[in-house]
Amino acid sequence: MALAFKEHWRDEKIDGVVYDMSPSPDYKHGIINGNIYSAIRQGLKDSICLVSMENLDFKYHPEENDDYLCPDIMVICDRKHLKGGSYSGTPKFIAETLSPSTAMRDRKKKKDIYEKAGVQEYWIVFPQGKSVEIYYLEDGRYILEQSYILQDDEEEEDYNAKAEICLRAFPNIKMTLDEIFEGLA
């Protein structure tokens, strides 16, 4: 007898509402997340901090309810808040790579949640436009500090493929726009 099971990749729960994150986003999403993850992981190799990619739930106010998000990339340094497949502390860094089905939630709801939770740095990465927005928490509010659109044609005046971006809390972790979007056709 075959067992029935629900094919399920991941979900998120915001304000008591469960959002099914299936089906998986397209391959560009995974390539970008892998590129960012690799650069951060390399930079954290001698650190107590950990980087996760799409596999650790962030319980953003566990004292109030059981809501959670599953960030694409998350850096955590306070391991005492790790339990099973979730983290209930305050991440140092989160990046979300937009998918057509989640873009509005990533840009508004999740950005507001991360801001209220005290996440110091939040990146929103757009695969289709090959762009990155970088928000820093200042006085409890996110401020858009940097915004890049990849221009990889060396003949263009605004060529920026080799522009280095670093994580504010980890200035030794650097990646170029070329590296973030490497492998996309």
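1. Let's begin with strand E8 and its partners. E5 and E8 run antiparallel and are joined by three bridges; within that pairing, Ile73 stands opposite Ala95 of E8. E8 also pairs with E9, here in the parallel sense and through five bridges, and Glu96 faces Ile124 of E9 across that pairing. Please keep in mind as you read on that this is a predicted model.

2. How buried is E8? Five of its five residues are buried, so the strand is largely enclosed by the rest of the structure. Phe93, Ala95 and Thr97 point one way from E8, while Ile94 and Glu96 point the other way. Glu96 is worth a look on your screen: this residue is among the buried ones, and it is also the one that stands opposite Ile124 in E9.

3. The connection from E8 to E9 deserves a point of its own. Together with helix H2 (residues 103-117), the two strands make a right-handed β-α-β unit. That fits with the parallel pairing of E8 and E9.

4. On confidence, the protein chain has an average pLDDT of 91, and 93% of the residues score at least 70. Strand E5 (residues 73-76) has the highest mean, 98, and strand E2 (residues 17-20) the lowest, 85. A word of care about residues 1-8: the pLDDT there is below 50, and beyond near neighbours in sequence this stretch has two contacts in the model.

5. Next, the nonpolar interior. In soluble globular proteins, nonpolar side chains tend to be buried together. Here the largest nonpolar core has 28 residues, and those with the most contacts inside it are Ile36, Ile40, Val75, Trp123, Ile180 and Phe181. Elements that each supply at least two residues of this core include helix H1 (27-43), E5, E8, strand E9 (121-126) and helix H3 (177-180). A second, separate core has 19 residues, among them Leu69, Tyr114, Ile124 and Leu137.

6. Phe181 is a good residue to click on if you want to explore the first of these cores. Leaving aside neighbours within four places in sequence, its contacts are Ile32, Asn35, Val125, Phe126, Lys130, Ser131, Val132 and Leu150. That list holds polar names, such as Asn35, Lys130 and Ser131, as well as nonpolar ones.

7. Which cysteines are bonded? The structure holds one disulfide, and it joins Cys49 to Cys77, with an S to S distance of 1.9 Å. The link is right-handed, with 105 degrees about the S-S bond. It ties together distant parts of the chain: Cys49 sits in the loop between H1 and E3, and Cys77 in the loop between E5 and E6. The two residues are 28 residues apart in sequence and 4.0 Å apart in space, C-alpha to C-alpha.

8. Both ends of this disulfide are buried. Cys77 has a relative accessible area of 19%, so with a cut-off of under 20% this residue still counts as buried. Leaving aside neighbours within four places in sequence, Cys77 is in contact with Ile48, Cys49, Tyr87, Lys92 and Phe170.

9. Why is Cys70 not bonded? The closest cysteine sulfur, in Cys77, is 18 Å from that of Cys70, which is too far for a bond. Cys70 is also buried, at 2% relative accessibility. Cys166 is in no disulfide either: the nearest cysteine sulfur, that of Cys49, is 15 Å away. Unlike Cys70, which is buried, Cys166 is partly exposed, with a relative accessible area of 30%.

10. There is also an open sheet of three strands, in the order E4-E7-E6 and with mixed pairing. Strand E4 (57-58) and strand E6 (82-83) are the edge strands, each pairing on one side only. E4 and strand E7 (residues 86-87) pair in the parallel sense over two bridges, and Ser86 of E7 is the bridge partner of Asp57.

11. Finally, two backbone angles to check. Most residues other than glycine have a negative phi. Glu54 has a positive phi of about 60 degrees, and Asp139 has a positive phi of about 50 degrees. Glu54 lies in the loop between strand E3 (50-53) and E4, whereas Asp139 lies in the loop between strand E10 (131-138) and strand E11 (141-149). Their surroundings contrast: Glu54 is buried, with a relative accessible area of 18%, while Asp139 is exposed, at 82%.

Notes
Residues are numbered from 1 along each chain as its sequence is written. This is a predicted model: local features need pLDDT of at least 70, side-chain atom pairs count only at pLDDT 80 or more; totals for chains, interfaces and linings use all residues. Side-chain values use heavy atoms; hydrogens and water are left out. pLDDT is the predictor's confidence in each residue, from 0 to 100. Helices (H or I, at least four residues) and strands (E, at least two) are DSSP runs, numbered from the N terminus. Contact means heavy atoms within 4.5 Å. Two strands pair if DSSP finds at least two bridges between them. Buried means under 20% relative accessible area, exposed over 50%, partly exposed in between (1.4 Å probe, protein chains only). A nonpolar core is a set of buried Ala, Val, Leu, Ile, Met, Phe, Trp, Tyr and Cys residues joined through side-chain atoms within 4.5 Å. A disulfide is a pair of cysteine sulfur atoms within 2.5 Å. A crossover is right-handed if, with the strands pointing away from the viewer, the path from the first strand over the helix to the second runs clockwise.
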